[in-house]
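Hi everyone, thanks for making the time today. Let me put the structure up on the screen, and then I'll walk you through a few parts of it.

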Amino acid sequence: MTPLPPGHTIGIVGGGQLGRMLAIAAARLGYHAHILTPHADSPATQVAASATIGPYDDQATLARFADATDLITFEFENVSAAGLDLLAGRRPVHPSPAILRASQDRVTEKCFINGAGIPTALWSSVSTRAELDRAVAELGLPAVLKTTRLGYDGRGQAMLRSAADLDAAWERLAPKPLILERAVDFACEISVIVARAEDGSLAAFDVAENRHRNHILDLSLAPARIPETTAERARDIACHLAGALRVTGLLAVEMFVDRDGQVLVNELAPRPHNSGHWTLDACPASQFEQHIRAIAGLPLASAARHSDAAMKNLVGPEALTLWPRILATPGLIPHHYGKREARPGRKLGHVTHLFPRGGLPGELGVEAAFAGLG
Ligand code: AMP
């Protein structure tokens, strides 16, 4: 790929915080960011050079957007197949529509991961109530029932602990196509974000350890507190999957470490990921910069971290009431997403605390770093 010269325009589909941080990274490399979003005052449009405002499923809007850009990328996966084809017919699109389609559907995604020789939780696809009974008999309980499409932050999923939970879960999630996964009794959740350039070169960030609260990411710690052999396995898996997908850009790989130390892949996302926000402050080039470098045909930067880091999400209006205190707390690096509406459960910003390399403290030390943030 010939490198995209500075002064050109990178189109970003999506106006959320990932689009905002991608737009900032693009600007730092001399590009104009052009956002596609239905909302004029979105986190991404606030920092971008220009925008097309309109619905993601409107062909005329998509065409206008594409024509205003030199190449196109995404901050989320869920653009319709017809929309992706239209964009790809007009401009280079990274990651490719085939990769975006594969990661829109949990069954296609699991087939790809297992097909690449990488283990996941045992799973079975479910489209009728009888199939659910069969899948439960085969996989056992506890298990997690999920919609195959459009689920995030725990939406579109139900934990099945006993046979008594099946009816309510089925009522809530059917008739959408579903997948049943055996519940993993995990020791911890981790993720690796790897950048892949079109020539196949790779740069993987260190493994992050992720803690969720109410199904939403609460805390990421880098590096993860796991044995080095497990960390190496996780990085190898992420690099292997990025190579197998031939992705141009980032691949975020969410994984479980089970009680035996085995690494199982949970989910893939071909884009920047919340669990990689620590790279903004702890690495010379963040996940957002690596993504822009990869899609623009620039050389990847080193993904080495200069510091250890803990990142905490600011979720819901209650977190933002702490903003003045965050600004006054030494050591906290604030990131505000500029969202107009502070609805409960919404990610409104994050804070990072850096530690000298090798100096990430234990539980109590991390708690103290974020003292008072809940
Ligand atoms: P997901 O939307 O698939 O990323 O799931 C959101 C969260 O639900 C994960 O980060 C886990 O905490 C939990 N979860 C999802 N699938 C499983 C599973 N098979 N076993 C145990 N926990 C799960």
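Let's begin with a pocket. The second largest pocket has a volume of about 250 Å³, and please keep in mind as we go that this is a predicted model. Its lining is made up of 15 residues. Nearest the centre of this second largest pocket you'll find Arg 213, Asp 218, Asn 313, Val 315 and Glu 318. Which elements give two or more residues to the lining? They are β12, at 216–222, then β15, and α11, at 316–320. Of these, β15 gives the most, with 4 residues.

Now, if you follow the chain back from β15, you come to a loop. This loop runs between α10 (287–295) and β15 (307–315), and Ala 303 lies in it. Is Ala 303 buried or exposed? Ala 303 counts as buried, because its relative accessibility is 10%, where the cut-off for buried is under 20%. Leaving aside neighbours within four places in sequence, Ala 303 is in contact with Ala 203, Ala 204, Phe 205, Cys 283 and Gln 290. For a sense of distance, take Ala 303 and His 350: they are 47 residues apart in sequence, and their C-alpha atoms are 21 Å apart in space.

Let me stay with α10 for a moment, since His 291 has its place in that helix. With a relative accessibility of 0%, His 291 counts as buried too. Not counting residues up to four places away in sequence, His 291 touches Leu 22, Thr 73, Pro 95, Gly 249 and Leu 250.

One of the contacts of Ala 303 was Cys 283, so here is a word on cysteines. How many disulfides does the structure hold? The count is 0. Cys 239 is in no disulfide, and its nearest cysteine sulfur, in Cys 283, is 15 Å away. Why is there no bond from Cys 283? Because its closest cysteine sulfur, that of Cys 239, is 15 Å off, which is too far for a bond; the cut-off for a disulfide is within 2.5 Å. As for their surroundings, Cys 283 is buried, at 4% relative accessible area, whereas Cys 239 is partly exposed, at 21%.

Next, a sheet. It is an open sheet of 4 strands in the order β3-β2-β1-β4, and the pairing is parallel. At the edges sit β3 (50–53) and β4 (71–74), each of which pairs on one side only. On average, neighbouring strands of this sheet are turned by 25 degrees against each other, direction ignored. Looking at one pair in detail, β1 (residues 9–13) and β2 (residues 32–37) run parallel and are joined by 5 bridges. Within that pair, Ile 10 stands opposite Ala 33 in β2.

What packs on these strands? Helix α1, residues 17–28, lies across β1, β2 and β4, and runs at about 170 degrees to β1. Helix α2, residues 59–67, also packs on the sheet, where it touches β1, β2, β3 and β4. The direction of α2 makes about 175 degrees with that of β2.

Let me finish with α2 itself. Which of its residues are buried? They are Thr 61, Leu 62, Ala 63, Phe 65 and Ala 66. What covers these buried residues includes β1, β2, β3 and β4, along with α3 (81–90).

Thanks for listening, and I'm happy to go back to any part of this.

Technical notes. Residues numbered from 1 in each chain as written. Predicted model: local features only at pLDDT ≥ 70, side-chain atom pairs only at ≥ 80, totals over all residues. Heavy atoms only, no water. Buried < 20%, exposed > 50% of the residue type's maximum accessible area, 1.4 Å probe, protein only. Contact = heavy atoms within 4.5 Å. Pairing = 2+ DSSP bridges. Axes fitted to C-alpha atoms, helices over the stretch in contact; angles between N-to-C directions. 1 Å grid on protein atoms, 1.4 Å probe; cavity = no way out; pocket = protein on both sides within 12 Å on 5 of 7 lines; lining within 4 Å. Points joined across faces, edges and corners; volume = space filled by probe spheres on them.
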